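Here are a few friendly notes to read alongside the model. Keep the viewer open and look up each residue as you reach it.

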Amino acid sequence: LPHAGTELPDGVRSRMTEIGRTLPDTDWHIDRLYAFAENLPATTVQAVFSRYVIDVNRDPSGASLYPGQATTGLCPTTTFAGEPLYLEGEEPDAHEIDERRTICFDAYHRALSEQIARVKSEHGYALLYDCHSIRSIVPRLFEGELPVLNLGTDDGKACAPALRDRLQGVMAKSGLSHVTDGRFKGGWITRHHGRPHEHVHAVQMELAQRAYMHEDPPYAYDHDKAQALQPTLLGLLEAMLAFGDEL
């Protein structure tokens, strides 16, 4: 859960614009939506800091994961809609970005790597399900309305084809709009940690937020919608577990 966090250090918040302080690009309530995973044999790694502090799902070198397409950087300076996050002249400089990378980015990926190694040591393999959500319509990032379910496997490089097929089957039976490796193919987490040849299989699930919440401020959780969506999400996780049992 890399983008559910909402914490902003005082030294960052005070320099941000009004829109920036409202954190519009948060993966709102994603931890609540997947709370049922506590009943599964699963480990959760969650960032508490906002993606506006540093985005742990971006290439730490600053290189774009989607060349030629609009996106936000390692330490974003605009919202997804292109609105400035910082007051003029208050954007983080190279030194501050390096500091945030050490304190937050490196710590998150160290924790994630430790859990992957622990699980792989115990079972001989590890399965990584990267949870995300985004507003259904973001013209700067994609055309039209996003499908509800957006599975990313880095074009099949982050997991075994058999796992990708199983998850596609769950999506097809859900009756929900869905796509595999469409606009969202998986970010740094999926691409960096997904190493099927080393028995680590990673996928990203980007959900359109209309499926479980209200997309306008104050971004309220919709219990009825969420309850209708959760069986499909559970089905995806159970399909991953079944795949693992057969390895």
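Where is Pro 76 found? Let's begin there, keeping in mind that this is a predicted model.

1. **Pro 76 and its surroundings.** Pro 76 sits in the loop between α3 and α4 (94–123). Being in a loop, is Pro 76 buried or exposed? Pro 76 is buried, with a relative accessible area of 3%. Leaving aside residues up to four places away in sequence, Pro 76 touches Arg 51, Tyr 52, Leu 85 and Tyr 86. You can also look for Glu 91: this residue is 15 residues from Pro 76 along the chain, and the two C-alpha atoms are separated by 9.1 Å.

2. **The cysteines.** How many disulfides does a search of the whole structure find? The count is zero. As a reminder, a disulfide is a covalent bond between the sulfur atoms of two cysteines. For Cys 75, the closest cysteine sulfur belongs to Cys 104 and is 8.7 Å away, which is too far for a bond. To be counted, the two sulfurs would have to lie within 2.5 Å. Cys 75 is buried at 9% relative accessibility, and Cys 104 is buried too, at 14%.

3. **The length and start of α7.** Helix α7 covers residues 223–245, 23 residues in total. From its first C-alpha to its last it reaches 32 Å, close to the expected 33 Å. At the N-terminal end, Asp 222 acts as a cap: one of its side-chain oxygens lies 3.2 Å from the backbone nitrogen of Asp 224.

4. **A kink in α7.** Where does the kink in α7 lie? Look at Leu 229, where the kink is about 30°. The proline Pro 231 follows shortly after Leu 229.

5. **What α7 keeps covered.** The buried residues of α7 include Leu 229, Leu 233, Leu 236, Met 240 and Phe 243. It helps to recall that an α-helix has 3.6 residues a turn, so residues three or four places apart point the same way. Try tracing the buried positions along the helix with that in mind. Among the elements that cover them are β1 (126–134), α5 (161–174) and β4 (200–208).

6. **The strands β1 and β4.** Two of these covering elements, β1 and β4, pair with each other in the parallel sense over nine bridges. For one bridge to find on screen, take Tyr 129, whose partner in β4 is Val 203. Strand β1 is itself mostly covered, with eight of its nine residues buried.

Terms used
Residues are numbered from 1 along each chain as its sequence is written. This is a predicted model: local features need pLDDT of at least 70, side-chain atom pairs count only at pLDDT 80 or more; totals for chains, interfaces and linings use all residues. Side-chain values use heavy atoms; hydrogens and water are left out. Helices (H or I, at least four residues) and strands (E, at least two) are DSSP runs, numbered from the N terminus. The expected span of a helix is 1.5 Å times one less than its number of residues. The bend at a residue is the angle between axes fitted to the seven residues ending there and the seven starting there. Buried means under 20% relative accessible area, exposed over 50%, partly exposed in between (1.4 Å probe, protein chains only). Contact means heavy atoms within 4.5 Å. A polar contact is a pair of N or O atoms within 3.5 Å; within protein, one must be able to donate a hydrogen and the other to accept it, and residues adjacent in sequence count only if both atoms are side-chain atoms. Two strands pair if DSSP finds at least two bridges between them.
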